[in-house]
Amino acid sequence: MAEKKFYVVWVGRTPGIYSTWAQCKEQTDAFPQAKYKSYPTEAEARAAYERGWQKSLDFGAKKKSAGAGSSGKSEAPPEVDYDSISVDVGCSGNPGIVEYKGVDTKTGEVIFYRGPISKGTNNMGEFLAIVHALAYLQKQGSSKTIYTDSMTALSWLRKKEVASNLVRDASTKEIWTLVDRALEWIRTNTYTNKIVKWDTKKWGEIKADFGRK
């Protein structure tokens, strides 16, 4: 007899807790950026549902396990400023559905998340994530460093200009509205935070990585 499982759907057609895989699949199959997970007991499923996907899904677990050295550790080297925010984007197609997040570089805890955004590009998502982090830290009165693995987004930030070929039409209105708002923010605000390029070759994937490569 198959082991009984309970399925949590955080992001799907109808979020909730389901008692069969068929019900879960109905809510998540072909749903953009669906987020779901199975649990052995209903109590664990309910606790996870209330906790939210940001805390229940460990995006970096597989990478940490695979990348651990002989010491069993997979953290980036000491030159990384752990008292910082790392940002990254998840993009289903390019252009495609975009989501981004910022995490605590030391713990991996999700600090903010935005998505799904109906249609955009990877670079636009990276740019939005950086500006979101800047605005967040400004409200906190914090001068923490921000890490990104996107050279293009850093270039756009320095120039205060987004050089994207994505057409402006009804399908891209959402992302362009967010980008225009972000540009207005950086043009009218000052900040002291360092925005640093994450060195993927030396340190592995950025801590905010969605784990979909």
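Which elements are included in what covers the buried residues of H6? The points below take this up along with the annotated site; the model is a predicted one.

1. Helix H6 and its cover. H6 runs over residues 151-159. Its buried residues are Ala153, Leu154, Ser155, Trp156 and Leu157. The cover over these buried residues includes H5, S7, helix H7 (173-188) and strand S8 (195-197). After H6 comes Lys160, which has a positive phi, near 55°.

2. The annotated site. An unreviewed UniProt entry places the feature "binding site" at Glu126 and Asp149. The two positions span 24 residues in sequence, yet their C-alpha atoms are no more than 8.4 Å apart, so they gather at one spot.

3. Glu126. This residue sits in helix H5, which covers residues 122-140. Glu126 counts as buried because its relative accessibility is 3%, and the cut-off for buried is under 20%. Leaving aside residues up to four places away in sequence, Glu126 touches Val87, Asp88, Val89, Thr148, Asp149, Ser150 and Ala153. One of these contacts, Asp149, is the other position named in the UniProt record. Another, Ala153, is among the buried residues of H6.

4. Asp149. The second annotated position is in the loop that links strand S7 (145-148) to helix H6 (151-159). With residues up to four places away in sequence again left out, Asp149 touches Asp88, Glu126, Lys197, Trp198, Thr200 and Ile206. Asp88 therefore appears in the contact list of Glu126 and in that of Asp149, where contact means heavy atoms within 4.5 Å.

5. Thr148. Strand S7 holds Thr148. Is Thr148 buried or exposed? Thr148 is buried, its relative accessible area being 0%. Its contacts, not counting residues up to four places away in sequence, are Val87, Glu126, Ile130, Leu154, Ile195, Val196, Lys197, Trp198 and Ile206. Among them, Glu126 is an annotated position, and Leu154 is a buried residue of H6. Lys197, Trp198 and Ile206 are also touched by Asp149.

6. Cysteines. How many disulfides does a search of the whole structure find? The search finds 0. A disulfide is a covalent bond between the sulfur atoms of two cysteines. Cys24 is buried, with 0% relative accessible area, whereas Cys91 is partly exposed at 25%.

Conventions. Residues numbered from 1 in each chain as written. Predicted model: local features only at pLDDT ≥ 70, side-chain atom pairs only at ≥ 80, totals over all residues. Heavy atoms only, no water. UniProt positions renumbered as here; feature names shortened; annotations may be inferred. Helix = DSSP H or I, 4+ residues; strand = E, 2+ residues; numbered from the N terminus. Buried < 20%, exposed > 50% of the residue type's maximum accessible area, 1.4 Å probe, protein only. Disulfide = S-S within 2.5 Å.
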